[in-house]
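Student: Hi, could you walk me through this structure? I'd like to ask things as they come up.

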Protein chains: 2
Amino acid sequence: MRVVLHPSPRETLHLVEEALRNGETILLVGLCGVEYEGRSSATLPPGERVVFLKSDGTLLVHQRVGNNPICWNPPGSRAKIRQEDELLLLESERLKPRENVKITFLQVVFAGSFELVDHAELELRGTERELVETLIQHPNLVEPGFRVVKREKPTRYGVIDLYGMDGEGNTVVVEVKRLASFQAVQQLRRYVDLLKQREPGEVRGVLVATRFTRGVKALLEDCGFEYRVLNPRKINKGEKGVQSRLTDY
Amino acid sequence: MRVVLHPSPRETLHLVEEALRNGETILLVGLCGVEYEGRSSATLPPGERVVFLKSDGTLLVHQRVGNNPICWNPPGSRAKIRQEDELLLLESERLKPRENVKITFLQVVFAGSFELVDHAELELRGTERELVETLIQHPNLVEPGFRVVKREKPTRYGVIDLYGMDGEGNTVVVEVKRLASFQAVQQLRRYVDLLKQREPGEVRGVLVATRFTRGVKALLEDCGFEYRVLNPRKINKGEKGVQSRLTDY
DNA sequence: CAATAGATGTCGTTC
DNA sequence: GAACGACGTCTATTG
């Protein structure tokens, strides 16, 4: 760890260059302006910000408010720093697509480099993946008599989350979402339309999600699709965690 | 600005409490474990990370790699810090939806608080909004004879980017995207289907974007839609920045 | 490498 | 406040 308060441009330059060589994490706080040029382009006039440079090339510029960085370059980018008169220029280049972030420091208030040791990985629960697994283990949550034929069935127009048969031998396409949006319905529709061309007999579409919006239910009805509300809490406890609702069609 | 190296839990506690009171931006570096509970839930075993706490309630936990924070709470959350034996507990609470991030510091290597003055705002160019404006100024980019009737026409199923008439009085629905995806086609389809019920005569769908994938073009053709490739560079220069392609239907 | 969909997405805008 | 779509989305997964 190395930390400097109110460093001179020269001191900051050295700290950053050494940290880049050593693969350390860099934090800079100071007055700077930012230019971005790439998929889009942007200008951010000078202000005091936190600049975060990681050893994997990630560059983040954070303002005093907001969840997201105001400017950034993703992992894999290359950063270079140089001094021009009393200004310090930090430039990050991404190759594909070509994107360039140029930070001009008028004044650096704080510069620090840190060697972070961290081999831990996030263990996340409650993802869509888990919802699908739940349905596979408990196909009756889709409906009594439902049999899973294939998970993640690839088609010309994307991958179907779950695909199976109902008790009467009809094809059932299941789209699973944590939050059901218009998009989800349209995705389901794409798959159902495709399978209608290929499969004999009826093709039903079912949207399973933990939450629905009103507009979505209307659109589902218009499309002749059905939906199921999953309750993730109850699922975890092994109870019956589904409210069924069949639209008539 | 206040900075402490290898602070004791007590020192960190004081620094953070004072910074929270003063609305300052806080940076902590150290060994910590994280628990998240909310829309989803997650556990991150201990490791060395950068913790970023903003005066608007934003909490970010960054690992040594990756563009995105591994854990976070968005603006509007409330942070509290307290000491338990030699451990330091930083807890952030969001109310709607209820989400909780709890950081347990086993060791703090660096603690800093900063008063950031920044009134600048990002000026971004090249967004979808600009593409739509270009089409309004140059409706012939959609096709010769096209007349804009309405921009951002709201419907039951969303807002149509651009809506107008072709030279023969047919309704034309235009969906504009920077990158054309399956979703964009489906969005267009939703609008076209809706207008077919309402408008007399033919309803055409046109997807205008700067980039298309092969699958998207296939789906467009299946739906009987047309597409236009916009070249943003040429548009900026005022040249004819479009390649037309009419699917027959 | 392109293409496709998920995400604790976040964020802005509209209803 | 809910809902809906854009985003320099980013990221993982798969062909």
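Tutor: Happy to; we can talk about how the chains pair, how some helices pack, and a few backbone details.

Tutor: One thing to keep in mind is that this is a predicted model.

Student: Okay, how is chain B related to chain A?

Tutor: A turn of 179° with a shift of 0.1 Å along the axis lays chain B on chain A, with an RMSD of 0.2 Å. That is the relation of a two-fold axis.

Student: And which C-alpha of chain B is nearest the axis?

Tutor: That of Gln186(B), which is 3.0 Å from the axis.

Student: Do tell me about the contact too. How many residues does it take from each chain?

Tutor: Chain B gives 66 residues and chain A gives 65 residues. The same surface serves both copies, as 98% of the contact residues of chain B recur in chain A.

Student: What area do the two chains bury between them?

Tutor: About 5700 Å², with 55% of it on carbon and sulfur atoms.

Student: Which residues of chain B lose the most area to chain A?

Tutor: Those are Arg64(B), Asn67(B) and Leu116(B). Together they make up 12% of what the chain B side buries.

Student: Switching to helices. At what angle do H3(A) and H4(A) pack?

Tutor: About 20°, with the axes 9 Å apart; H3 covers residues 182-198 of chain A and H4 covers residues 214-223. That angle makes H3(A) roughly parallel to H4(A).

Student: Is that crossing left-handed or right-handed?

Tutor: The crossing of H3(A) and H4(A) is right-handed.

Student: Which residues meet there?

Tutor: From H3(A) you have Phe182(A), Val185(A), Gln186(A) and Arg189(A). They meet Gly215(A), Val216(A), Leu219(A), Leu220(A) and Cys223(A) in H4(A). By class, this contact has 6 nonpolar, 2 polar and 1 charged residues.

Student: What about H3(B) and H4(B), how do their axes cross?

Tutor: They cross at roughly 20° and come within 9 Å. H3(B) and H4(B) are therefore roughly parallel to each other, and their crossing is right-handed.

Student: Now between chains: at what angle do the axes of H3(A) and H3(B) cross?

Tutor: Roughly 90°, and those axes come within 10 Å. H3(A) and H3(B) are therefore roughly perpendicular to each other.

Student: Which residues of H3(A) and H3(B) make that contact?

Tutor: On the H3(A) side, Phe182(A), Gln183(A), Gln186(A), Arg189(A), Arg190(A) and Asp193(A). On the H3(B) side, Phe182(B), Gln183(B), Gln186(B), Arg189(B), Arg190(B) and Asp193(B). The residues of this contact divide into 2 nonpolar, 4 polar and 6 charged.

Student: Any backbone details to look at? Say, is the peptide bond from Lys96(B) to Pro97(B) cis or trans?

Tutor: That bond is cis, with omega near -5°. Pro97(B) lies in the loop between strand E7 (87-94) and strand E8 (99-114) of chain B. In chain A, a cis peptide bond joins Lys96(A) and Pro97(A), with omega about -5°. Pro97(A) is found in the loop between E7 and E8 of chain A.

Student: Last one: what is phi of Asp85(A)?

Tutor: Near 55°, a positive value in a residue other than glycine. Asp85(A) sits in the loop between strand E6 (78-84) and E7 of chain A.

Student: Why point out details like these?

Tutor: Because most residues other than glycine have a negative phi, and most peptide bonds are trans.

Methods
Residues numbered from 1 in each chain as written. Chains lettered and ligands numbered in written order. Predicted model: local features only at pLDDT ≥ 70, side-chain atom pairs only at ≥ 80, totals over all residues. Heavy atoms only, no water. Axes fitted to C-alpha atoms, helices over the stretch in contact; angles between N-to-C directions. Helix = DSSP H or I, 4+ residues; strand = E, 2+ residues; numbered from the N terminus. Parallel < 35°, antiparallel > 145°, perpendicular 65-115°, else oblique. Left-handed = near helix turned anticlockwise from the far one by under 90°. Contact = heavy atoms within 4.5 Å. Nonpolar A, V, L, I, M, F, W, Y, C, P; charged D, E, K, R; others polar. Least-squares fit on C-alpha atoms with pLDDT ≥ 70 in both. Buried area = accessible area lost by both parts, 1.4 Å probe.
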